[in-house]
Each structure stands twice: as C-alpha cells, then as structure tokens.
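The following paragraphs lead the reader through one molecular structure, from particular surface and core features to the overall fold. Please keep the sequence and the model in view while reading.

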Amino acid sequence: MQRINKALGWAILASETSHVFCCVLPTMIGVFSLLTGLGVIGVLPAGILEFHEMMHEWEVPMIVASGVILALGWGLYAVSLRLDCHDTGCHHGACAPKKNKTAVILKIASVLFVVNTAIYLLFHYGAG
C-alpha cells in the first residue's frame, strides 16, 4: 500500500511540474513583454524572444499534454481519496492535510491551464 501511495504522490508531482512548461514560463514571458511594452523594463532579457518563438512551435502539443497530465493528476487524486492506508496497518499520522495540499496545488494548476488555454485561443489560434 505504501508503494502505491508513493507512486501516486510522484505521479501527481509530475503532473504539476509539467505546468512549468505549459503555463508558468509562457506567463513569465508575457509579463516580461508587457512590462517592456509599458516601459518598466528597458529591454527583454537576452534570448527570451527566441525562447518565446520556440515555445510557440510547441504550444499545441504542450497544451494537449498538460491537459492529459492534469486530468491524470485529478484522477490519481480521486483514487488517493479512496485509499486509506490505516486499513493495511500503517501507524503514521493522518494523510488528510497532505491530500488537502495536493488539492490546492491541483486547483492552481487547473486555473493556470485554463488561463493559458484561453490566452492561446484568444490571441494565438489562427494568428500564425
């Protein structure tokens, strides 16, 4: 049972880590671009425009993969809610606080995914 819980934890962590490439980096690049356009930042950091263009080439596969991984993360979270390792003889403290933290992270990842997908559909889809 402990192996299953550990595997579920790693799978959920992997699903959340994928959002760095799908949502966090594009958001940071967008913020840098906005701040540059407003004159807050004089020049974009070196190489960021090349990285931004490279990200556009992989945008759709990243969104699809992130959606699949996010759905998998929610599915694994739902499975973890039904598992109670105390039935197998574990004697550690309650798992609920850890599961609540996972739910918060999955909710944040879901919001970022929806925002990134909306930005893609509103600004990038059909633009190139």
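**A nonpolar patch and the helices behind it**

Val111, Val115, Ile119, Leu122 and Phe123 together make a nonpolar surface patch of about 510 Å². The model in which this patch appears is a predicted one. One member of the patch, Ile119, belongs to helix H5, which covers residues 96-124. Is Ile119 buried, partly exposed or exposed? Its relative accessibility is 36%, so Ile119 counts as partly exposed; residues enter a patch of this kind only with over 30% relative accessible area.

Helix H5 also contains Leu112. With a relative accessible area of 29%, Leu112 is partly exposed. Leu112 can be related to a remote part of the sequence as well: Val24 is 88 residues away along the chain, yet the C-alpha atoms of the two residues are separated by 7.8 Å.

From the surface, the description can turn to the interior. Which residues form the largest nonpolar core? This core has 8 residues, namely Ile63, Leu70, Tyr77, Ala103, Leu106, Ala109, Phe113 and Tyr120. Helices H4 and H5 each supply at least two residues of the core. The largest share, 5 residues, comes from H5. Helix H5 thus holds Ile119 of the surface patch and also contributes to the core.

Tyr77 of this core leads to the aromatic residues. A search of the whole structure finds 1 aromatic pair. Its partners are Trp74 and Tyr77, arranged edge-to-face, with 5.8 Å centre to centre and 85 degrees between the planes. The arrangement is classed as edge-to-face because the angle between the planes is 85 degrees, and the class requires over 60. Both residues lie in helix H4, residues 59-82, where they are 3 residues apart, about one turn of the helix. How do the two partners stand with respect to solvent-accessible area? Tyr77 has a relative accessible area of 10% and is therefore buried, whereas Trp74, at 30%, is partly exposed. The cut-off that places Tyr77 among the buried residues is under 20% relative accessible area.

These local features sit within a wholly helical set of elements: the protein has 5 helices and 0 strands, and from the N terminus on the order is α-α-α-α-α. Of the 128 residues in the protein, 25% are buried. The protein exposes about 8600 Å², and carbon and sulfur atoms supply 72% of this area. Among contacts with a separation of 6 or more, 75% are accounted for by residues 24 or more positions apart.

How values were computed: Residues are numbered from 1 along each chain as its sequence is written. This is a predicted model: local features need pLDDT of at least 70, side-chain atom pairs count only at pLDDT 80 or more; totals for chains, interfaces and linings use all residues. Side-chain values use heavy atoms; hydrogens and water are left out. Helices (H or I, at least four residues) and strands (E, at least two) are DSSP runs, numbered from the N terminus. Buried means under 20% relative accessible area, exposed over 50%, partly exposed in between (1.4 Å probe, protein chains only). Contact means heavy atoms within 4.5 Å. Accessible areas come from the Shrake-Rupley method with a 1.4 Å probe; for residues, only the protein chains shown count as cover. Patches are made of residues with over 30% relative accessible area and no salt bridge: like charges are joined within 9 Å, nonpolar side chains (Val, Leu, Ile, Met, Phe, Trp, Tyr) within 5 Å. A salt bridge is a side-chain nitrogen of Lys or Arg within 4 Å of a carboxyl oxygen of Asp or Glu. Rings of Phe, Tyr and Trp (its six-membered ring) pair if their centres lie within 6.5 Å; planes under 30 degrees apart count as stacked, over 60 as edge-to-face and the rest as tilted. A nonpolar core is a set of buried Ala, Val, Leu, Ile, Met, Phe, Trp, Tyr and Cys residues joined through side-chain atoms within 4.5 Å.
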